[in-house]
Amino acid sequence: MKRKTYEGELDKLQAELCELQRWVKHSGARVVVVFEGRDAAGKGGVIKAITERVSPRVFRIAALPAPTEREQSQVYFQRYVAHLPAAGEIILFDRSWYNRAGVERIMGFCTEQEYRNFMVSCPIFEQYLIESGIILIKYFFDVTQEEQEKRFKSRMTDARKHWKLSGIDLKSFEYWWRYTEAYEDMIEGTDTDFSPWFRVPSEDKRVARLNCITHMLETIPYERVPFHAPELPERLPKEPHVLPEIPFRHTVPQIFE
């Protein structure tokens, strides 16, 4: 998709996300959106597109680092529960509790029994969230081997993307087929009627973002809340003792003009 077309469509969707935001705040709704999938499949890009024009107090991103020693001793879902939404919040999980079914299982960060316990308890956990009134949506971003390789090479040559590379990312490239098997098992065991998975083909990242945001907006049953534009009040007059400009001792050098 050409950039101009993409940006025009994204502008419309971002305006609609603001409508969703107003409804969430007004209604006190609680929303959780899970973003999983292949490394370099575009999860971060769609999250950035969603959050670019909305309030970070309503749309919050949960991108958890590796668990601490203390967190490793907790009930598995415990550290994720701490990031669940309060009334009027939408939480975007950039990877989630499904780490246990993917990277933790493949890299040996959990035992086989811990993995099996997760697969049994995960649907129960998600059913509890939904019965508690949370709207839960799960997306899996999918990409081909060829496109993933292209994106990894781009990260290696673009200084703006070096931070996206890690040893775990490279292992996901090496272990493509192990991840394929793990994801097949994950989807089969957790794709339920009450909490289904939605695949997002992301060969074209722009198309993937537009399709994902459109689907999210169509899935959440929000309504338009009227916006009443406030009137700007008149400024109070300047007091005689107030200087015309705020005096600063230092100003950022004006390199660009």
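Trainee: Let's start near the end of the chain: is Pro226 buried or exposed?
Mentor: Keep in mind that we are looking at a predicted model. Pro226 sits in the segment after helix H10, which spans 205–219. Its relative accessibility is 58%, and the cut-off for the most accessible class is over 50%. Pro226 therefore counts as exposed.

Trainee: How far apart in space are Pro226 and Arg22, C-alpha to C-alpha?
Mentor: In sequence these two residues are separated by 204 residues. Arg22 also belongs to a salt-bridge network with Glu16, Glu19 and Arg224. From the C-alpha of Pro226 to that of Arg22, the separation in space is 8.8 Å.

Trainee: What share of the contacts with a separation of 6 or more joins residues 24 or more positions apart?
Mentor: The chain has 257 residues, arranged with ten helices and five strands. Its C-alpha atoms fill a box of roughly 75 × 45 × 45 Å along the principal axes. Among contacts with a separation of 6 or more, the share from residues 24 or more positions apart is 80%.

Trainee: Now for the charges: how many salt bridges does the structure hold?
Mentor: One of them pairs Asp158 with Arg160, and another pairs Glu104 with Arg100. For the structure, the number of salt bridges is 18.

Trainee: Which residue forms a salt bridge with Glu7?
Mentor: Look within helix H1, residues 3–27, and step four residues, about one turn of the helix, from Glu7. Glu7 is partly exposed at 37% relative accessible area, and its partner is partly exposed too, at 48%. The closest N and O atoms of the pair are 3.5 Å apart, and the partner is Arg3.

Trainee: In the salt bridge of Asp158 with Arg160, which residue is exposed?
Mentor: The closest N and O atoms of this pair are 2.8 Å apart. Asp158 has a relative accessibility of 15%, so Asp158 counts as buried. The partner has a relative accessible area of 67%, so the exposed residue is Arg160.

Trainee: And Glu104 with Arg100: how far apart are their closest N and O atoms?
Mentor: Glu104 is buried, and Arg100 is buried as well. Arg100 is also one of the residues nearest the centre of the second largest pocket. In the salt bridge of Glu104 with Arg100, the closest N and O atoms are separated by 2.9 Å.

Trainee: Which elements give two or more residues to the lining of the second largest pocket?
Mentor: This pocket has a volume of about 250 Å³. It is lined by 13 residues, and nearest its centre are Pro67, Glu71, Gln72, Tyr76 and Arg100. The elements giving two or more residues to the lining are helix H3 (69–72) and helix H4 (78–81).

Trainee: How many of the residues lining the second largest pocket are charged?
Mentor: Sort the lining of this pocket by class: five residues are nonpolar and three are polar. The charged residues in that lining number five.

Trainee: What volume does the largest cavity have?
Mentor: A search of the whole structure turns up one cavity of 30 Å³ or more. The largest cavity is lined by Arg38, Asp39, Gln148, Ser172, Tyr179 and Tyr183, and by class they are two nonpolar, two polar and two charged residues. The space inside the largest cavity is about 40 Å³.

Trainee: What is the phi of Ala40?
Mentor: Ala40 is found in the loop between strand E1 (30–37) and helix H2 (43–51). Its relative accessible area is 8%, so Ala40 is buried. Although Ala40 is not a glycine, its phi is positive, at about 70°.

Trainee: Where is Arg95, whose phi is also positive?
Mentor: Arg95 is a residue other than glycine, and its phi is near 70°. Its location is the loop between strand E3 (89–94) and helix H5 (103–107).

Trainee: To finish, which residue offers the backbone oxygen that the side chain of Thr190 reaches?
Mentor: Thr190 lies in helix H9, residues 176–190, and it is buried because its relative accessible area is 1%. Leaving aside neighbours within four places in sequence, Thr190 is in contact with Tyr98, Met119, Cys122, Glu126, Lys138, Ser195 and Trp197. The side chain of Thr190 reaches a backbone oxygen at 2.6 Å, and that oxygen belongs to Met186.

How values were computed: Residues are numbered from 1 along each chain as its sequence is written. Side-chain values use heavy atoms; hydrogens and water are left out. A salt bridge is a side-chain nitrogen of Lys or Arg within 4 Å of a carboxyl oxygen of Asp or Glu. Helices (H or I, at least four residues) and strands (E, at least two) are DSSP runs, numbered from the N terminus. Buried means under 20% relative accessible area, exposed over 50%, partly exposed in between (1.4 Å probe, protein chains only). On a 1 Å grid over the protein atoms alone, a cavity is a set of points where a 1.4 Å probe fits but cannot get out, and a pocket is an open set with protein on both sides within 12 Å along at least five of seven lines; lining residues have an atom within 4 Å of a point. Grid points are joined across faces, edges and corners, and a volume is the space filled by probe spheres set on the points. Ala, Val, Leu, Ile, Met, Phe, Trp, Tyr, Cys and Pro count as nonpolar, Asp, Glu, Lys and Arg as charged, and the others, Gly among them, as polar. A polar contact is a pair of N or O atoms within 3.5 Å; within protein, one must be able to donate a hydrogen and the other to accept it, and residues adjacent in sequence count only if both atoms are side-chain atoms. Contact means heavy atoms within 4.5 Å.
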